[in-house]
Amino acid sequence: MWLTKKKIASILLLVILILCISSKAFSANDEFNTTNKDEDVHNLLFAAKNFYDNRKYTRAIETYKEAFDKGVDSIYLFRELAFSYAKINEAELASEYIEKYIEASLDVAFVDHSYFDQISTSKAYRGLTDKYLRTVSLWSIFCMYVGFIGIFMSIVLNLRKNSDKIASLLMSAFVLLHSFFIIHIGLYLMNYEYYIPDIFYMSTSFSFLYGPLIYFYFKRVTLQYNFKKTDIWHLIPTLLLVILLFPIYILPEEEKLKIVVHGERPHFILITVSKLISLSVYGVLVLKIFVTYARNNTLITRVRHNWQRNIVIFCSVYIVSYGTYSLLVIQHIFSGFLFYFQIVSMALLVLYISYTAFVQPSIFGKWKSTKPSFSNTLNKYKNSGLTDSLSLELKEELIFLLDKKKVFKQNDITLHKLSQLLNTTRHNTSQIINEHFGLNFFELMNKYRIDEAKKLLKEERHKNFNIIDVAYEVGFNNKVTFNKSFKKYNQITPSEYLKL
């Protein structure tokens, strides 16, 4: 063979040698190009710095932008361009690059650099300081004040003696969660999310608890409701929300800061709309309980009735304000009175509960149900021969005797005499009072007497009457019993009532 093994080996060796030399040549060429590029960039940055030091800021800006086109580190250029534009009083452009630098570096304190003193009065720069620097406003002070009052009162509610522990716990949790939310808003208004990123979405996981808490509170104080195992289903939305937000909560602090700086709010619209639905559903349930209870228990004490009514009103206003807030958020409107109205309504709710807990602590005492439980009523009257139609007829007749004839003014009125007026038995009369008014005979008479006494005390022609005269006129036999009954239903004495 004309190609021996020795010749083949020599040829292969030669090819490998040529390839190595070529590769080295190309590598050297690339290195030369890179070196030239690095040198060119270095010269641009050196020239820009020289222009800046010699106060040729416009030339410095042009050179920095040329360097940017060649791929120089953007964070460095954003900073230098911000300084340069500030030197020539181009506040808007300086502010633009300040924000770009902050978004790239996450250094929010950069906005407070002394190099920007020259543009500190400009609208654009002040907008950045308001956005990124710690600040205190009347709104933030109000939020922090209300929030800490709410936390304090939520603790106090659970320290009351002779209170319904379950009802107090539900209401205190309701106040506590609202207080946390309000404090979170206060921290947000003071820009602390940039300095303590871990507070991001701090109170969001509670969003679906407000409705169940107030709902079960009303069930407790009106129906003496005891929790069942099936009630745990009301916590499922909150559990799902925590699962949804858990990946955000476990993020490192720097990642949370990045989310905040870039103005991101993961799942924000979904959570807002879902919360509105939750509040609306439970709001309807609470209103239904209140209306049903008020209709079937017209003789509930005035103070307790007003308390429940006012809570329903405050909650309704908050739901409406949150609905308005949701519409604004969907339309990307994040300012204005309507945007902050939900904060005001929530704060007023917390303040009202706190005020009531302070001046009328008896509101949170043990509430004896004025409505017999359905099962107890069935057991008590299971052998009654009173039909539904006759029961309603006797109820209307009793209301006529109380409202029109005012039989309660007779200080010798008894269950027997009332039964004779109704032309029925004592047992039937007692059943009518228990089932339709939720009271016993003496409670019914005294409640009507107290309501009549309040009218008499306020009427012009009775201003010169002694309190004992009013007590006798409405059917009481002595002043002591009158004062005791009056305070029981109104939380104040007749003398104090006259001063209102």
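Okay, so Leu106: it sits in the loop between helix H4 (91-105) and helix H5 (123-132). Keep in mind that this is a predicted model. What caught my eye is the backbone: Leu106 isn't a glycine, yet its phi is positive, about 65°. And is Leu106 buried or exposed? Buried, with a relative accessible area of 15%.

There's another residue like that to look at. Lys406 isn't a glycine either, and its phi is positive too, near 50°. You'll find Lys406 in the loop between helix H15 (388-403) and helix H16 (415-422). Lys406 is partly exposed, though, at a relative accessible area of 27%.

Now, a positive phi in a glycine: Gly71, near 90°, follows H2. Helix H2 itself covers residues 57-69, so to speak 13 residues. From first C-alpha to last, H2 reaches 19 Å, close to the 18 Å expected at 1.5 Å a residue. Which residues of H2 are buried? Tyr57, Ala60, Ile61, Thr63, Tyr64 and Ala67.

Last bit, helix packing. Helix H6 (residues 138-157) packs on helix H13 (residues 337-359) at an angle of about 35°, and the axes are 9 Å apart. That crossing is left-handed. On the H6 side, the contact is made by Trp139, Phe142, Cys143, Val146, Ile149, Gly150, Met153 and Leu157. H13 brings in Tyr340, Ile343, Val344, Ala347, Val350, Leu351, Ser354, Ala357 and Phe358. How do the residues of that contact divide? You get 15 nonpolar, 2 polar and no charged.

Terms used. Residues numbered from 1 in each chain as written. Predicted model: local features only at pLDDT ≥ 70, side-chain atom pairs only at ≥ 80, totals over all residues. Heavy atoms only, no water. Helix = DSSP H or I, 4+ residues; strand = E, 2+ residues; numbered from the N terminus. Expected span 1.5 Å × (residues − 1). Buried < 20%, exposed > 50% of the residue type's maximum accessible area, 1.4 Å probe, protein only. Axes fitted to C-alpha atoms, helices over the stretch in contact; angles between N-to-C directions. Left-handed = near helix turned anticlockwise from the far one by under 90°. Contact = heavy atoms within 4.5 Å. Nonpolar A, V, L, I, M, F, W, Y, C, P; charged D, E, K, R; others polar.
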